[in-house]
Amino acid sequence: MKWALDEPGVIPAWIAEMDFAVAPAISEVVKDYVASDVFGYPDIRLNPQVIDAFVAFVDRRWGATIEPERVMITGDVMEGMRLVLSHIAPAGPVIVPTPVYPPFLVMTRDMGREVIEVQMSDDTPNLDLAAIEAAAANGAQALLLCQPHNPLGRVWTRDELTQIRDIARAYGVHVISDEIHAPLVWPGVELTSYASVTDETDLATVLMSATKSFNMPGLRCAQVVSSRAEDHETLSSLHPVLNHSMSTLGMRASIAAFTESDEWLDAVRTRSAENHALITALLADQLPEVSCLPAQATYLAWIDVSRVATDDPMAGALAAGVRLDGQNYGAGTDGHLRVNLATSSDRVREIVRRLSSAQSGWRAS
Ligand SMILES: Cc1ncc(COP(=O)(O)O)c(C=O)c1O
């Protein structure tokens, strides 16, 4: 989708897909699958293999202990979120710290749920725990967490997650922690899963998937981890038609990602950190009115363009030949854009060169 929207010549740096070929083990799985001539509904015999590979991966990579019997397979992370909101988290308002990955807001509202946005600012890009507690005290039933955070690239600390958990316990709020970007934590940064601060009594769900960090979002497979046995039971007992968009290919590719692709992933993590440092330096040099928020994970940069002259910086960027993302991240996030850095350093340089051209209008007035 990243390269499908625009005419050739425009550099797409919007949707979260990478410009990198997938890991060799994943490529092999896809070739074998095509050669098999068997393309039926998902092969559910693979479920235990996917789950074992996933559990071993999160333990090896960031030391989270996940009980295999609390993991369910679904088609993608947003489907998992929808199932949990529909069937586990009681009806009522949903707290969403913003800015945030736009589908959190779009999907939750589309389900008829009231969203309570809790804003973070560039100066203090931290979870506003007091505002979250106030929303919980006012009757919110669920909280959508994003760890690491898209678009801020922040990794919430164990202390922050523990405070969230305490609020959730005090007010009976179900926390859904979307950890799809967790494998993309930068080298040297410690990552805590929400699963590591909760136990089997907590109203908590962790969502994960190999598809984002291994660049295969078109192959369907994600994991839903319930803290409570009864939540897992409820989700697993749903009629298959409510949870059937995973694919055999996605399941096989996820096993290959979780078990045989660490080296590839480490290269992407290093490249992500390097490209973030590169764009930060290039902007400081060529477009000092635009600043880049420091990050600790993901291949995304959240940039503040509120001091540039144009009132539609996304259109300005497109006119200069770069497509960026910046709509529907939450109230008060105008003046910010997200740049996808999963590309070559040359392309990052070209992105900044184009943005700093007169054509973009990206100059202080
Ligand atoms: C935080 C976050 N959650 C979910 C998704 C979408 O995941 P999926 O395609 O598995 O629904 C994305 C995609 O970029 C994301 O950034």
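This passage describes the surroundings of the ligand and then the cysteines. The model is a predicted one, in which local features need pLDDT of at least 70, side-chain atom pairs count only at pLDDT 80 or more, and totals for chains, interfaces and linings use all residues. Residues are numbered from 1 along each chain as its sequence is written, and side-chain values use heavy atoms, with hydrogens and water left out.

A good place to begin is the ligand. The residues around it (those with a heavy atom within 4 Å) are Ala16, Asp76, Val77, Met78, Tyr101, Cys146, Asn150, Asp178, Ile180, His181 and Lys212. This shell divides into six nonpolar, two polar and three charged residues. Here Ala, Val, Leu, Ile, Met, Phe, Trp, Tyr, Cys and Pro count as nonpolar, Asp, Glu, Lys and Arg as charged, and the others, Gly among them, as polar.

Three pairs of atoms can be picked out within this shell. A polar side-chain atom of Asp178 lies 2.5 Å from a ligand nitrogen. For Asp76, a side-chain N or O atom is 3.2 Å from a ligand oxygen, while Met78 places a backbone N or O atom 3.0 Å from an oxygen of the ligand. Of the 390 Å² of accessible area that the ligand has on its own, the protein covers 92% (Shrake-Rupley method, 1.4 Å probe).

Turning to the cysteines, the whole structure holds zero disulfides (pairs of cysteine sulfur atoms within 2.5 Å). Cys146 is in none, and the nearest cysteine sulfur, in Cys292, is 17 Å away. Cys146 counts as buried (under 20% relative accessible area, 1.4 Å probe, protein chains only) because its relative accessibility is 4%. Cys221 is also buried, at 1%.

Conventions:
A polar contact is a pair of N or O atoms within 3.5 Å; within protein, one must be able to donate a hydrogen and the other to accept it, and residues adjacent in sequence count only if both atoms are side-chain atoms. Buried means under 20% relative accessible area, exposed over 50%, partly exposed in between (1.4 Å probe, protein chains only).
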